[in-house]
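Me: I should like to learn how features of a protein structure are read. Could you please guide me through some examples?

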Amino acid sequence: MENFYFVTESPGRPRALLEKGINAMAKVGTGAGVRRPAVMIRSSPWKAGSEQTPWHDVFDIDNGHVRYFGDHKPETTSSVGTTTGNAALLEAFDSHQSPTAEGRAAAAPLLLFRSVSKDGKVKGHVQFCGVAVIERAERVVQWGSQDRTTFTNYVFDLVVIDLTAEGDTLDWDWITARRDPDRTDAQVLELAPKAWREWVKHGRSVLPKMRRRVARSRVVKVRDQRPLPGDQMDADLQAVYKRFDNDKHAFETLAAIVAAKVMRGSGHSYDEGWLTRRSGDGGADFVGRLDLGSGLAGTKLVVLGQAKCIKPDSLVSAEQIARVVARLRRGWIGVYVTTGSFSEPAQLEMVEDQYPIVLINGRDLIKELHETADKDYGGDLMGCVEDLLSSRSLEVLSRRPEEILLD
């Protein structure tokens, strides 16, 4: 199994050490001055609150934020900013605040690790948590020691940068290059993660955009929700839009059919159910029921659907999705079918707030219809659409949606 020393090996250089909380790699002299390759941070959650570690580091990696306490302790007699770890982080903080791209290019990246348990053991194993920039440094007063006396320390707020472009991994060749005195800051920057390069170029103004957010990785870009301009799927989407632009109620039927196809694709039983009335639906156009399991080992879920036939280059906003979500009761789920696309802010809000809703964009709508058309209609998509409409006469819902759970 590859261990820490194996993956951090830099040929011809001393081993990278991770024995303390703050581990500053030795500086190297370059033609332009000196450069510290990196500062490695290690947090041990199992020590938090102990006499040795009275503070609690915060590692909110999913939202790109770490709050890390320095290495000044109750028994430390030296000045708060002169301990080895605090001095290294304060120096890094100064370079991270540099107003020039040249200054930021030389700045030491913070590499974050935290101890994790393995096979019941809390020592000896670490997890890589990302690359960070120091956003803020603050002197704080803490309680510590058996006497519960106060002492002064530093706390650092870190921005964990987005490594999505690198598959949430770090290429150690970047750090190895930073340890080479013969390579310039500009040369080693070429090996840095994309987000780090953006920060070096633009400074702190781009940190909100560069911050790691797990939710962002689940957002589908608008261009990826649309067929390629000029291809057959694009022409088919335009045809579907034109067919239903002035017949929105018929589109609700089609949306209910496509939603049923998607739901059944997960292997569960789904009843297409009912359409709501032409007006006054209050945020729902069709209702279905998803059956999971059977008997005491099963449950039924109301599926509340919204159908929106809009121009294929139009966007569905967060507010429009929220109107459907507002109708959902406990245990219900929603489905939103459109010929357009879902805006990225709308998707981000859905993921972060954990909305129980399925989104079917224009590209996916055509893809689902094509599967049926290719299988049963010789590829005639519009012929397939018309036949589906004529063969599925859904009942107009005349009762409350929750009553369908009793069927």
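Reply: We shall discuss a helix pair, a nonpolar core and a strand. This is a predicted model, in which local features need pLDDT of at least 70 and side-chain atom pairs count only at pLDDT 80 or more, while totals for chains, interfaces and linings use all residues. Residues are numbered from 1 along each chain as its sequence is written, and side-chain values use heavy atoms, leaving out hydrogens and water.

Me: At what angle do the axes of helix α9 and helix α12 cross?

Reply: Two packed helices are described by the angle between their axes and the distance between the axes. Here the axes of α9 (residues 248-264) and α12 (residues 362-376) come within 10 Å and cross at roughly 75°. The two helices are therefore roughly perpendicular (65 to 115 degrees). In their contact (heavy atoms within 4.5 Å), F251, L254, V258, K261 and V262 of α9 meet L365, E368, L369, E371 and T372 of α12.

Me: Which element gives the most residues to the largest nonpolar core?

Reply: A nonpolar core is a set of buried Ala, Val, Leu, Ile, Met, Phe, Trp, Tyr and Cys residues joined through side-chain atoms within 4.5 Å; buried means under 20% relative accessible area (1.4 Å probe, protein chains only). The largest such core has 35 residues, and F251, L254 and L369 are among those that touch the most other members. Helix α9 gives the most, with 10 residues.

Me: Is strand β7 mostly covered or uncovered?

Reply: Strand β7 (residues 110-115) is mostly covered, with 5 of its 6 residues buried. Strand β4 (residues 39-43) runs parallel to β7, joined by 5 bridges, and M40 stands opposite L111.

Key
Axes are lines fitted to C-alpha atoms, for helices over the stretch in contact, and angles run from 0 to 180 degrees between N-to-C directions. Helices (H or I, at least four residues) and strands (E, at least two) are DSSP runs, numbered from the N terminus. Angles under 35 degrees count as roughly parallel, over 145 as roughly antiparallel, 65 to 115 as roughly perpendicular and the rest as oblique. Buried means under 20% relative accessible area, exposed over 50%, partly exposed in between (1.4 Å probe, protein chains only). Two strands pair if DSSP finds at least two bridges between them.
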